[in-house]
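Here are two exercises to work through with the model open in your viewer. Try each task before reading its solution.

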Amino acid sequence: MIIGGGPGGYEAALVAAQLGAQVTMVEQDGPGGACVLTDCVPSKTLIATSVRKQALLDASSLGVAFSGGGDGDIGVATVDLPLVNKRVKELAQAQSADIATRVAAEGVEIVNARGRLVDPQVVRAGDRTIRADVVLVATGATPRVLPGAEPDGERILNWRQLYDLDELPEHLIVVGSGVTGAEFAGAYRSLGAEVTLVSSRDRMMPNEDADGAEVLEEVYRRRGMNVMGRSRASSVKRTADGVVVTLEDGRTAEGSHALMTVGMVPNTGGIGLEEAGVQLDRQGFVKVDKVSRTSAPGVYAAGDCTGVLMLASVAAMQGRIAVWHALGEAVQPLRLATVASNIFTDPEIAAVGVAQRAIEAGEIEANVVKLPLATNARAKMQGFNDGFVKLFCRPNTGIVLGGVVVAPRASELILAVSVAVQQRLTVDQLAHTFAVYPSLSGSITEAARRLMQPEAAL
């Protein structure tokens, strides 16, 4: 029995069905859950449009001119936001339908209802009560609401409400400069909106690679974004024709719309978890071990409701691990050190393995090399000036510990580093791997050559 049809739920359902289990999945919104219907898939679809628009804005540097343009104005590029949002919603629904078809083809029963745990082996789904040997909780999370800045769906918005706008915001104030805030701020600036990004910390994305965040902030400022650091919002109020954001230091920022990106809260309340013996932490996230077990026998949990790492890939792996473990298959515990992540800004920021802050803090000993993207031949050809490739390895063995890529399509480029981390490859092995010339991936093998052990280089 699976409560929740997002990546943690439907991927677990597929594995369980393929192993011969009878599987029922309860999902109240639709297969794919919030990830597919309102969060990850829609946002990345919107970002894809913004990246195309930015490419048009940058085209003049490659010798491409547009009639009617001049002084940096390409003249013909406009954004039809209703059409963009229509595409976003249709693509999300199509992806959800594909998941439904795939899951149903494996014999999984889908119940369109809200699931509630009655006891560790009994789930209430709508008007049905279903007994199961194993229960997986994958209920996800919801945008956190900042007191004094409650979304109204018109001027004060969370990111799930953006796709109902019928025109591009004249001036969007993004409150919160984490990953979600940075992604939407960059997207709407490239689409043509004035954007102010309100950050409560010294820099945007304070929990991500500092070098990557610095590059992105520089790009954003160059594109005309107003990035306000050390500016914690205390309230957001509607005005006659827009919004006013009041900061804790008394300053204000005025705009036409405000987007709230201040974190997530788990969907774990009111579904019988604690009554069934499932322990939650102080923030309401389900406590799980490395094989996704909760404190209740036979009950597992996966995805954002666990707060482990709020990534679709992690949710899916947690779900698979839960099923493999529950059904007696060989399984490796979740290894967070091998998780690859990506921030879908422009340029993208991808990372895997150890973080540089851990190296700088003396927690891990590592050699580091950082190559500017501007020195890469393919980057020069395509006019990419912002970004870098950074690689970490152990000093003596040369085993690859991790890396960061800041570049267009960094989400694709990071795979080579991710494979090296997962398989414990050395920089020497990576350096002896052929890369296409010219290619952005050539910077990864070049970084590995810079880190090669002296005896191997000889």
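Two strands pair if DSSP finds at least two bridges between them. Strands (E, at least two residues) and helices (H or I, at least four) are DSSP runs, numbered from the N terminus. This is a predicted model, where local features need pLDDT of at least 70, side-chain atom pairs count only at pLDDT 80 or more, and totals for chains, interfaces and linings use all residues. Residues are numbered from 1 along each chain as its sequence is written, and side-chain values use heavy atoms, leaving out hydrogens and water.

**Exercise 1. Work out the strand order of the open sheet of 5 strands and find its edges.**

Step 1. Follow the parallel pairing, and the order reads β9-β16-β10-β11-β12.

Step 2. β9 (156-158) and β12 (226-228) each have a single partner strand, so one side of each lacks a neighbour in the sheet.

Step 3. From one strand to the next, the twist averages 20 degrees.

Step 4. Over 3 bridges, β9 pairs with β16 (residues 257-260) in the parallel sense; look for L157 opposite L259 in β16.

**Exercise 2. Place K44 and D304, two of the residues that UniProt lists under "binding site".**

Step 1. The annotation comes from an unreviewed UniProt entry; positions follow the numbering used here, feature names are shortened, and annotations may be inferred rather than shown by experiment.

Step 2. K44 sits in helix α3 (residues 40-57), whereas D304 is in the loop between β18 (299-301) and α7 (312-326).

Step 3. With buried meaning under 20% relative accessible area, exposed over 50% and partly exposed in between (1.4 Å probe, protein chains only), K44 at 23% is partly exposed, and D304 at 21% is partly exposed too.

Conventions:
Axes are lines fitted to C-alpha atoms, for helices over the stretch in contact, and angles run from 0 to 180 degrees between N-to-C directions.
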